[in-house]
Amino acid sequence: MSAPAIGPAFSTLDAAIAVLSLVVTVWIGLRVKRYVGTIEDYLVASRGMGLYVGAASLLSTEVGIITYMYQAQFGFVAGFSAFAVGLITLAVCLLVGRTGFVITRLREMEILTVPQYFEKRYGRSVRVLAGVLMAFGGSLNLGIFPIIEARFLAVVTGIPARYVGWTMAALLLIALAYTAIGGMVSLIVTNYVQYVFLAAGTVIVTLVCLREVGWGGMVAAVESHGGGQGFDPIADLGVGFIFWQVLLWIALMTVWQSVAMRTFSTRDAAVGKRMFTLTGFLFLGRAILPMAWGIAALAFFWGRATPAVVPPAPTPIARIAQVDARLALTFSRDLDEGRLERALPQVELLDRLARAEEPRSPEAARFVEKASERRGEIGLLAMPWMLAATLPSGLLGLMLAGMLAASISTYAGYFLGWSAIIAQDIVGPLLSRGAPVVSGAEGGLVSEPAVPPGSFALPSPGLSNRAQLRLTQVTIVALTLFIMVWSLVYHLPGPAFFYLQVTANLFMAPTLVAVVGGLYWRRASAAGAAFAFVLGALTSLAYLVPSLRVGVATAGNLSWALAVGGFVAGSVLVPSRPVTGGAEKRP
Amino acid sequence: MTWALFWLASFVVAFVAFSVISLLIAVRGIAEIRELFVALELERRRRAR
């Protein structure tokens with residue numbers, strides 16, 4: 001007999017707390033619009049951001065409900081080995097914070113977007129190419145946020161499925177309203193308030209997990225149900241995966257647009273460096289704490305489970321097929337009703353029987369894969385179902401306020417980040433094609449500078465400041481509409497964690513390679529940068545097409561290898577003279 | 001040191017650091033927001049002139 005179905009304790013009090021937090025956020029976000037006069041106010045808040053507000057803004061942008069869900073899913077599936085990613089994040093933040101690697105040079109240039117650097121260094125064509133790939137990958141990345149977060153809200157609030165889409169649309173519109181009007185100024189202020197909610201929610205959930213299952217229960221669950229894995233990251237995740245994570249996090253902390261915009265918004269480069277040192281520990285918590293929630297959910301549901309019985313059948317493969325057929329009948333309903341203690345033992349039984357038969361029967365491999373997919377699906381919803389089952393009314397509302405704050409701040413930050421690239425680096429340069437240009441580096445045209453050499457004050461020459469501001473606002477609206485549509489039509493090829501990292505990797509590898517090469521290698525050329533972007537994007541795109549069956553670590557590492565290879569080969573074969581912002585000799 | 005102990009230490013560091021730094025941000029952030037508003041207001045007046 002299984003445990004009773006979970007019914008969320010969500011009450012009017014919880015709804016009131018959550019709605020009040022949203023009203024406060026929007027009110028504050030809209031009040032600061034009078035401070036926005038120029039595109040520089042709008043995108044980087046006149047570069048007046050301090051250390052603590054910067055840290056809050058950076059974290060609340062990079063933490064949403066989806067972050068907590070995929071991190072918890074990763075912890076549920078990989079156990080404590082997943083924590084290695086958190087340690088990598090900390091190490092990278094400390095490295096960037098201590099050395100100022102890339103960020104100091106970019107901050108000193110006073111640019112608004114990363115592709116803006118490419119125009120000065122390589123020419124306008126590279127800026128537009130980078131802009132297109134960044135906007136494409138970034139939008140795809142953001143595109144699955146609403147649909148995954150909708151599942152979280154449906155579970156913890158008990159909102160009927162038919163209203164969840166409307167709830168998500170309302171959240172997107174809230175973020176859209178104050179971002180489009182107040183830009184970065186609104187973001188910095190609302191991010192601060194949202195961070196307070198978010199941090200409180202994170203601490204509450206962590207304490208609840210510890211109270212419910214305890215650390216010992218989490219360790220025991222991974223030992224018993226991790227299939228002999230879950231502690232040694234090198235054995236479980238592989239050196240290739242870890243190496244890729246190191247590279248990816250270096251890129252994320254230096255050239256990921258929403259992170260880079262925080263660097264560009266700081267008062268000076270020194271504040272930027274300190275911000276990364278401080279946020280390193282917050283990023284450690286951003287990874288390890290929700291991963292621990294996933295492990296706690298594993299322990300919680302196994303604690304309520306009863307072992308699944310092997311069905312009577314004449315052959316092993318027939319028994320496997322019967323377990324699979326039984327799961328097909330009940331799995332989706334169990335997920336929707338939170339009866340994970342019934343689904344989990346059956347999935348484990350399917351996995352165990354299929355693995356035992358795999359050496360003898362190729363058909364069994366298909367069932368191993370199915371069991372793994374189902375385990376991932378359970379992992380995505382286990383944490384929200386555990387919260388729905390354990391949090392009392394009142395605390396549930398506080399937790400939800402924190403989660404909504406996390407989500408809206410992420411939407412707002414990403415809307416501004418990606419629309420800045422679309423408006424400033426794709427549409428702007430294309431609209432101002434009539435602006436006078438001079439031959440720059442071979443293989444690229446550079447716009448005639450409207451400002452003194454070395455300065456980056458005007459991102460889109462030919463467009464007035466007001467036109468740039470309007471263009472960015474219109475782009476934010478268009479991006480919001482795209483996100484709503486994409487989240488409804490796309491089906492994930494694997495765990496959300498991998499999808500998000502691969503869509504990011506689509507442009508992260510070539511962007512970092514082209515930025516580092518441009519800053520520190522005198523022979524870097526426009527052709528090399530273009531090769532890096534095209535080749536680096538190809539393998540990530542291959543992962544997104546399920547029929548090609550490219551593994552996540554393979555796609556990630558190949559993307560880096562091809563980006564570096566293409567950059568070096570292109571720069572050596574088609575050299576060009578650096579224009580400005582390059583690896584010129586320092587006095 | 002076993003892996004289990006190592007992950008326990010990592011978890012404790014992550015939780016304590018997250019809580020303490022968040023508290024620091026909540027307290028020190030208000031003053032920074034005020035400074036930002038003052039700077040933006042000065043900039044707005046300068047442009048209006």
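Colleague: Which residues of α9(A) meet which residues of α18(A)?
Modeller: This is a predicted model. In it, R151(A), F152(A), V155(A) and V156(A) of α9(A) are in contact with L381(A), P384(A), W385(A), L387(A) and A388(A) of α18(A).

Colleague: How do the residues of that contact divide into nonpolar, polar and charged?
Modeller: There are 8 nonpolar residues and 1 charged residue in the contact of α9(A) with α18(A), and no polar ones.

Colleague: At what angle do the two helices pack, and how far apart are their axes?
Modeller: α9 (residues 145-157) and α18 (residues 362-390) of chain A pack at about 25 degrees, and their axes are 8 Å apart. Angles under 35 degrees count as roughly parallel, and α9(A) and α18(A) are therefore roughly parallel to each other.

Colleague: Is the crossing left-handed or right-handed?
Modeller: The crossing of α9(A) past α18(A) is right-handed.

Colleague: Moving on to α3(A). How many of its residues are buried?
Modeller: α3(A) is mostly covered, with 12 of its 12 residues buried. Among them are Y52(A), G54(A), S57(A) and E62(A).

Colleague: What do those buried residues pack against?
Modeller: In chain A, the buried residues of α3(A) pack against α10 (161-212), α14 (257-265), α15 (269-304) and α19 (395-431). They also pack against α1 (3-48) of chain B.

Colleague: And how far does α3(A) reach from its first C-alpha to its last?
Modeller: The reach is 17 Å for the 12 residues of α3 (residues 51-62) of chain A, close to the 16 Å expected at 1.5 Å a residue.

Colleague: What about α8(A), does its span agree with what is expected or differ from it?
Modeller: The 20 residues of α8 (residues 124-143) of chain A should span 28 Å at 1.5 Å a residue, and the end C-alpha atoms are 28 Å apart, so the span agrees. Because 15 of its 20 residues are buried, α8(A) is largely enclosed by the rest of the structure.

Colleague: Back to chain B. How many helices and strands has chain B?
Modeller: Chain B has 1 helix and 0 strands. Its C-alpha atoms fill a box of roughly 65 × 15 × 10 Å along the principal axes. Of the 49 residues in chain B, 29% are buried.

Colleague: How many residues does each chain put into the contact?
Modeller: Chain A gives 37 residues and chain B gives 27 residues.

Colleague: Which helices of chain A each supply at least two residues of that side?
Modeller: They are α3, α5 (83-99), α10, α11 (214-225) and α15 of chain A. The largest share, 10 residues, comes from α10(A). By type, the side of chain A that touches chain B divides into 28 nonpolar, 8 polar and 1 charged.

Colleague: Now backbone oddities. What is phi of V102(A)?
Modeller: Phi of V102(A) is near 70 degrees, a positive value in a residue other than glycine. V102(A) lies in the loop between α5 and α6 (103-108) of chain A.

Colleague: Why does V102(A) count as buried?
Modeller: The cut-off is 20 or more other C-beta atoms within 10 Å. V102(A) is buried because 22 other C-beta atoms lie within 10 Å.

Colleague: And what about E110(A), where is that residue?
Modeller: E110(A) sits in the loop between α6 and α7 (114-122) of chain A. E110(A) has a positive phi of about 60 degrees, although it is not a glycine. With 15 C-beta neighbours inside 10 Å, E110(A) counts as partly exposed.

Definitions and conventions: Residues are numbered from 1 along each chain as its sequence is written. Chains are lettered from A and ligands numbered from 1 in the order in which they are written. This is a predicted model: local features need pLDDT of at least 70, side-chain atom pairs count only at pLDDT 80 or more; totals for chains, interfaces and linings use all residues. Helices (H or I, at least four residues) and strands (E, at least two) are DSSP runs, numbered from the N terminus. The expected span of a helix is 1.5 Å times one less than its number of residues. Two residues are in contact if their C-beta atoms, placed from the backbone, lie within 7 Å. Axes are lines fitted to C-alpha atoms, for helices over the stretch in contact, and angles run from 0 to 180 degrees between N-to-C directions. Angles under 35 degrees count as roughly parallel, over 145 as roughly antiparallel, 65 to 115 as roughly perpendicular and the rest as oblique. A crossing is left-handed if the near helix is turned anticlockwise from the far one by less than a right angle, and right-handed if clockwise. Ala, Val, Leu, Ile, Met, Phe, Trp, Tyr, Cys and Pro count as nonpolar, Asp, Glu, Lys and Arg as charged, and the others, Gly among them, as polar.
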